[in-house]
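This report walks through one chain, beginning with a single residue in a loop and widening from there to the helices, the aromatic rings and the overall fold.

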Amino acid sequence: MKSTRSLFGFIAGFLATLVFQQPAWWVLWCVGLAPFNAFSIAVNAFGVPEVVSHAFWGGIWGVLFSMFDRRFPSRSGYWVTAFLFGAVLPSAVGLLVVLPLRGGPMGGGWHLARLLTAFLANGAWGIGAGLILRILSSRLNRSSN
């Protein structure tokens, strides 16, 4: 059951990147807040389009999300916690670890637009991951009854 939940977490995180995070990023770009557009097909150092790389890492974060979401508060508290999980954890790792490893400034140079974009787009990812994970888990529960 844990391996199924982890698989569902990966699927939820992967899909949440494509259906929630990237559209949020696109809206933020359209209003002039995001520093670059979403759904980038530019190829990274590994020869993979950026959007696919983001979705893969969203899946990895989804596995971690699936390990903790059952401990989130119930009702509206779940969605607030899901948003904060996405907004804080992946944003912190991206801005404080990944960006400097790629040669960028720590914290994205602490530019407010970049910080808000990361926080809001990744928060949207958290809500999406929670929603998709709940849908997948409920289908599993119904089929096992």
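## A proline between two helices

In this predicted model, P73 has a relative accessibility of 42%, and because the partly exposed class covers values between 20% and 50%, P73 counts as partly exposed. The residue sits in the loop that runs between α2 and α3. Once neighbours within four places in sequence are set aside, the contacts of P73 are with Y78 and T81.

## The helices on either side

Helix α2 covers residues 50–68, and its 19 residues reach 27 Å from the first C-alpha to the last, close to the 27 Å expected at 1.5 Å a residue. Its buried residues include the glycines G58, G59 and G62, together with W61 and F65. E50, where the helix begins, is also among the buried residues of α2.

Helix α3, which spans 76–101, has 26 residues and reaches 36 Å between its first and last C-alpha atoms, close to the 38 Å expected at 1.5 Å a residue. The helix bends by about 35° at G94. Among its buried residues are G77, Y78, F85, P90 and L99; Y78 is also one of the two contacts listed for P73. After α3 comes G103, whose phi is positive, near 95°.

## Aromatic pairs

A search of the whole structure finds 12 aromatic pairs. One of them joins F10 and F56, whose ring centres lie 6.0 Å apart with the planes at 65°, so the pair is edge-to-face. This pair links distant parts of the chain, since F10 belongs to helix α1 (residues 2–30) and F56 to helix α2, 46 residues apart. Both partners fall in the partly exposed class, F10 with a relative accessible area of 24% and F56 with 39%.

A second pair, formed by F85 and W125, is stacked, with 6.5 Å from centre to centre and 25° between the planes. Because F85 lies in helix α3 and W125 in helix α4 (residues 112–144), the pair ties together parts of the chain that are 40 residues apart in sequence. F85 and W125 are both buried, whereas F10 is partly exposed, as is F56.

Ring pairs also link F65, F72, Y78, W79, F85 and W125 into a cluster. Within this cluster, F65 is a buried residue of α2, Y78 and F85 are buried residues of α3, and W125 comes from α4.

## The chain as a whole

The secondary structure comes to 4 helices and 0 strands, and read along the sequence the pattern is α-α-α-α. For 145 residues a compact globule would have a radius of gyration near 15 Å, and the chain agrees with this because its own value is 15 Å. Taken along the principal axes, the C-alpha atoms fill a box of roughly 50 × 35 × 25 Å.

Buried residues account for 38% of the 145 residues, while the chain exposes about 8300 Å², of which carbon and sulfur atoms supply 71%. How many of the contacts between residues at least 6 apart in sequence join residues at least 24 apart? The share is 68%, and the pairs F10–F56, 46 residues apart, and F85–W125, 40 residues apart, give two examples of links between separated parts of the sequence.

Key:
Residues numbered from 1 in each chain as written. Predicted model: local features only at pLDDT ≥ 70, side-chain atom pairs only at ≥ 80, totals over all residues. Heavy atoms only, no water. Rg over C-alpha atoms; globule rule 2.2 N^0.38 Å. Buried < 20%, exposed > 50% of the residue type's maximum accessible area, 1.4 Å probe, protein only. Contact = heavy atoms within 4.5 Å. Areas by Shrake-Rupley, 256 points an atom, 1.4 Å probe, with all protein chains shown as cover. Expected span 1.5 Å × (residues − 1). Bend = angle between axes of the 7 residues up to and from the residue. Phe/Tyr/Trp six-rings, centres within 6.5 Å; stacked < 30°, edge-to-face > 60°.
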